[in-house]
Structures are given as C-alpha cells and as structure tokens.
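Me: I'm new to this one and would like some help reading it. Can we go through a few features together?

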Amino acid sequence: MNISREEQSSKSIASNSEVLQMETQLAPRPKTISETGVSESLLLDLVTKHLLAAGVLTREQLVNLLGVTGGIIQQLLDTAKSLAWVENRQTTADGQMRYALSAGGEVHAKQALSRNGYLGLAPVPLKQYANICKKQSSRAKAITFEMLEAGLSALVLPKDLLFKIGPAMNSSRPVLIYGPPGTGKSYLCRHLNLTLGDSVLIPYALAIGNEVIQVYDPELHHKVGGGRESTSLNLAEGHDPRWIKCERPLRITGGELTAEMLEVQFDSHSRTYMAPLQLKANNGILLLDDLGRQKISAKQLFNRWIIPMEERRDFLSLQSGEHFEIPFELILLFSTNLNPNELVDEAFLRRLGYKIHFDALDEQLYRKIWFQVCEDLGLSCTEEVFQYLLVEYHKRYDKPLIPCYPRDLLGIMSDQISFMEFEPVVTPSLVDSSWSIYFV
C-alpha cells in the first residue's frame, strides 16, 4: 500500500501535535505565582537581579528572561513597585512600558546577589522535577531487538552482544562493559542513546527552598527544535518554558572524575550552585569510562552510589547543610579495560547486575569493518591485500582482530597516500609500513 506525501505529512503533523500535547500536560505553563511552585520572594529577587544586570527592561523582556507569563511578571512588578524597588521609565517606540530599579531596589538586588548569584530562568520546584523526571524514564518504553539493531545499525557488532545489551538497557541495574582496549566498548556506549530516539524536558534550574541549582548545561543538553519555544506575554500554548526540550543526555566521564563531581558544587566567587553529573544525566545515559583509572577509587565510587544504584534515588546537600532527595533515573554504564575482579570485591560486582564482555572479532566481522573504513576513507583494497594483512601480520604475530585496528591502520595509510601523492589504493607495502608505525 502506497502512502502519499500529503498523508505522510499529515501523520507527521499529527504526531508532532500529540508530542506537544503530552509535553504541555507533563509541564503545563503556570498562570499564577503559586502555580510556579516557588516562593514570591525568590521570583522578586530574580526580577531585581535581572533589572540590576540589564539596567532597563520591558515586561516582555522579563517574560523571556524568567520564562513565566506576562501576568505573573506584572504581579511581581506591582509588588516591587509597592516596595519602592522598581520605577517606571519612558515607554518604547511601540508603547511598551520600561522598568528600572530605584536606589532602594538596587540595594535589595545587590543583597540578593550576595546571597545567591543565580541569574537565569525561574527555577522549577524539586517536587515537580522529581515527578516529571520519573515519568520521562527511558524504561517507560521497553527497548526491543529491532530498536537496538536499528539504533546501532552504523556499528559492526556480533549479534550475541545485542542480545546481552538489549535486556541490560531495559534493566534498572547498572551495566559493566569490560574487555581488552580497542574492542569498541566506549564507542558502543556513545551510540546507545540513538536507540532511545526521543526527547525529554530538562529544567533550566531547580529550587531547593530559596536556593537555586542550575541543571541545564548547553555542552551536555542539546536542544530539540531550535530550543525554547517562542514566548509571548500570555504564554498561552505549549509547555512551561522553564523546561528545555532536549535530546536524552549522554554524559561521559573518564579519568578526570573526582568525588566532588558527584556532589552539588558551590562556586564561592559567583555564589552559584551547579548540579552534579548524575543530576545532569538524569533521563539519559551516564557512562563512566576507564573505570579504575579515576581520581576516586572504584570502591569509593560504588560506596557512594550503593543506594542510588539499588533504590534509584540519590541524596544531595547544599552549602548550608540542607539535604534533599532527587531521582536517580538514568542508565548507568561502566566501561573498563581492567579485570573486574581486581577493581572491586564480589559483593559489589553482584550489585552491577549485568557484566558484558567485549573481545576480538571473528574474521567475517573484521573484514566488514576493514572494507567499510576503506570506503569511508576513499581507499581501494583487494581481497588479496586483506588476506596478506591477516596472514603476514595478524596470524604471524598472533595479533587478535580488534575492531579499532582497521580505522587506525587505514588512517595511517591514508596519511601516507596524501603525503606521497600515491593512488588511493591499499598495497602490501603500505600495509608493511603502517603496521611498523602503529605497533611497537
């Protein structure tokens, strides 16, 4: 049965409309100060801090800076004027009222900044975040073999690995991927987000009482659909703009990981809080690469995360000592080249649930990768030259067929071909020279 372009377009529009409706239901736009879930005093502080930074702002500009409706902004401005913090200034050419701080308002704004230097969208309350985070769980929709195969179609993997990785993705338990260097462990993990294929709402910031923790990180959270929706004074349609629609996050950390990165970080200079990496990775994937080579030991790491890994909730604290609970709603992956039994004891290994071993490839898969890389680099290679590589080097020197070798060896050959202005053809002599350069 053939489907016309018009029918396809209509289905796509309907699908997009359904997604927007779901997002609106998940995070509806607040229409009153109480519906924002945060205190009026926090919002007033934020308005005065924005005015202090900008000098003069219109109501529409404040709507965009705080991500709340024009009605809420007007209520806040009216309160600020009654406190003699804000003054009216000359209107713009198109008739919009402009607002600025009074001398008293400037004093208040500076005091607010000295307590908390956060300057951004209005934060969302912790309770709302916890509720939405759980509803957006990647486990809400089970991953099937077909979904995993489609998501990882660009990779060359043994099928038995897919049958191990798929169930692990559906599990609530952490996954340990281990094996020799170059077997594609990290490369695979970096592509697993493709199997999820949907977007989530990420809060720009969280309110813990009157303290604010910034969560949104533009280096990690990639906006979908051009970013935050266009706002108007009434903000009549779409989801709450305090939430940013993003791809599911993929946070990767390796040897640079420290114990401090697992806690809320406070910058005493800017007086701002930043979310720990597991909070930023919520509703996505957190990959701890090269486990065992971090500045924090594997045992310390697992001790820190015993409760999060088992109960899917984490406990954090602020500079003041106030403790609070957040969801630990992510797919947690560990990758290591080391022997797992040398990293932690058997009790910790049991808590990981899934242990998936990566190893060398068979000849068929290795050949597939080799010729795929040749095509990517614009190189021509015959089966005879490929067999020369296998017999004269891999078999003679007992080198396993590791997935990274084709990319690395052919990359060296491509560099030599460019330098020497050779024809883009893989020859035995190029195999000889690249092998001697690559292996010590």
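Me: Is Cys381 buried or exposed?

Reply: Keep in mind that we're looking at a predicted model. Here Cys381 comes out buried, with a relative accessible area of 14%; the cut-off for buried is under 20%.

Me: How far is the sulfur of Cys381 from the closest cysteine sulfur?

Reply: The general idea comes before the case: a disulfide is a covalent bond between the sulfur atoms of two cysteines. For Cys381, the closest cysteine sulfur sits in Cys374, 4.7 Å away, and that is too far for a bond. The cut-off is 2.5 Å.

Me: How many disulfides does the structure hold?

Reply: Zero. Take Cys133, which is in no disulfide: the nearest cysteine sulfur belongs to Cys246, 13 Å away. Cys133 is buried too, at a relative accessible area of 1%.

Me: On to the strands, then. In what order do the three strands of the open sheet come?

Reply: Read across the open sheet and you get 1-3-2, with antiparallel pairing. Strand 1 (56-58) and strand 2 (86-89) each have a single partner strand, so they stand at the edges with one side lacking a neighbour in the sheet. On average, neighbouring strands are turned by 35 degrees against each other, ignoring direction.

Me: What joins strand 1 to strand 3?

Reply: Three bridges do, linking strand 1 to residues 98-101 of strand 3. One pair to look up is Leu57 with its bridge partner Tyr99 in strand 3.

Me: Which helix packs on the sheet?

Reply: Helix 4, residues 59-66, which touches strand 1 and strand 3. The direction of helix 4 makes about 90 degrees with that of strand 1.

Terms used
Residues numbered from 1 in each chain as written. Predicted model: local features only at pLDDT ≥ 70, side-chain atom pairs only at ≥ 80, totals over all residues. Heavy atoms only, no water. Pairing = 2+ DSSP bridges. Helix = DSSP H or I, 4+ residues; strand = E, 2+ residues; numbered from the N terminus. Axes fitted to C-alpha atoms, helices over the stretch in contact; angles between N-to-C directions. Contact = heavy atoms within 4.5 Å. Buried < 20%, exposed > 50% of the residue type's maximum accessible area, 1.4 Å probe, protein only.
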